[in-house]
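Me: I would like to go through the terms applied to this model and see how each one follows from its definition.

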Amino acid sequence: MTWDPLAVPAQDGRTAVITGGNAGIGYHVAEQLARAGAHVVLAGRNAQRTRTALAALRASVPGASAAEVRLDLADLHSVRHTAEQLAAAGPVDILVNNAGVTSSGQRAETAQGFELMFGTNHLGHFALTLLLAPVLGPDSRVVSLGSLTHARARLDFDDLQSRDGYRSMAVYGRSKLAVLLFAAELDRRLRADGSTVRSVAAHPGWAVEGLTPARPPLWEPGPFAVLRSAPLALLAQGKDRGAWPVVRAATDPDAVGGQYFGPRGPGSLKGPPAVQVTAGSAHDRVAAARLWAVSEELTGIARAA
């Protein structure tokens, strides 16, 4: 179908939870879903920044139905607490597993001792999704955020915590490969159970802050940031447009479980959202099933049959 990112299908009556909804791609996903009529819940680690994002959203979308909740994906105790809060509030129709961290170069760990990027980007979202499974409605979507970096990544099951030869960007790519393997395995398990919940994935292409429109008081680009980013416009786009593939994955009525959306332009760096193909490593069913089993063991959380 022809997809217009400025005419998202009506989402009235649907509740969308967006992790990392207090900044960047996640904020713009929340804004676009709110504009389509969804009740959006911004889940963020920093309470003050999340309140600021909520104020920006309400200023951009007058009358928006929106709320906030604190979530630290690097701490499974926080994940459990937040999942309980969200479950008590009622059904979740759209779960956007957007939040992610990148390392500054030094290896770091989560509260439970997992490597920070693997533990946050994959394990935190794995746990949140399984804990919220009982309150996902029959036509719900689980949207996982991938990255172009997954194409060069390979999982090492003997060193999932990246203790040997740590290289920041390689570890980030592995965390995003894990995210995509999880999204695909979740889709297979949902279909095997006869569920109508759809697990889909998306990536934003190359989305940079300096090309993103202002959303005061959350984001107000200075003239230097705009000038510095202007040459990138040939290949990159703002985070508002980087949100388009995520929003399509969350709302396209024709989306099929297991699909992957990204920008349609050259190199999948920018442009309108379209169906993409993940790298071959993300199609490894044996690795996906093994990762699922390891993730259950590490988090202590399993999906009920």
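Reply: The turns below take up the sheet, a helix and one residue. This is a predicted model, in which local features need pLDDT of at least 70 and side-chain atom pairs count only at pLDDT 80 or more, while totals for chains, interfaces and linings use all residues. Residues are numbered from 1 along each chain as its sequence is written, and side-chain values use heavy atoms, with hydrogens and water left out.

Me: Why are E9 and E10 called paired strands?

Reply: Two strands (E, at least two residues; helices are H or I, at least four; both are DSSP runs numbered from the N terminus) pair if DSSP finds at least two bridges between them. Four bridges join strand E9 (residues 260-263) to E10, and the two run antiparallel, so they meet the definition of a pair. Proline 263 has proline 273 in E10 as its bridge partner.

Me: What makes E3 and E10 edge strands?

Reply: In the open sheet of eight strands, ordered E3-E2-E1-E4-E5-E6-E9-E10 with mixed pairing, strand E3 (66-70) and strand E10 (273-276) each pair on one side only.

Me: Why is valine 247 called buried?

Reply: Buried means under 20% relative accessible area (exposed is over 50%, partly exposed in between, with a 1.4 Å probe and protein chains only); valine 247 has 2% relative accessibility and therefore counts as buried.

Me: Which residues is valine 247 in contact with, leaving aside its neighbours within four places in sequence?

Reply: Valine 247, which lies in helix H8, is in contact (heavy atoms within 4.5 Å) with Val8, Val29, Gln32, Leu33 and Asp252.
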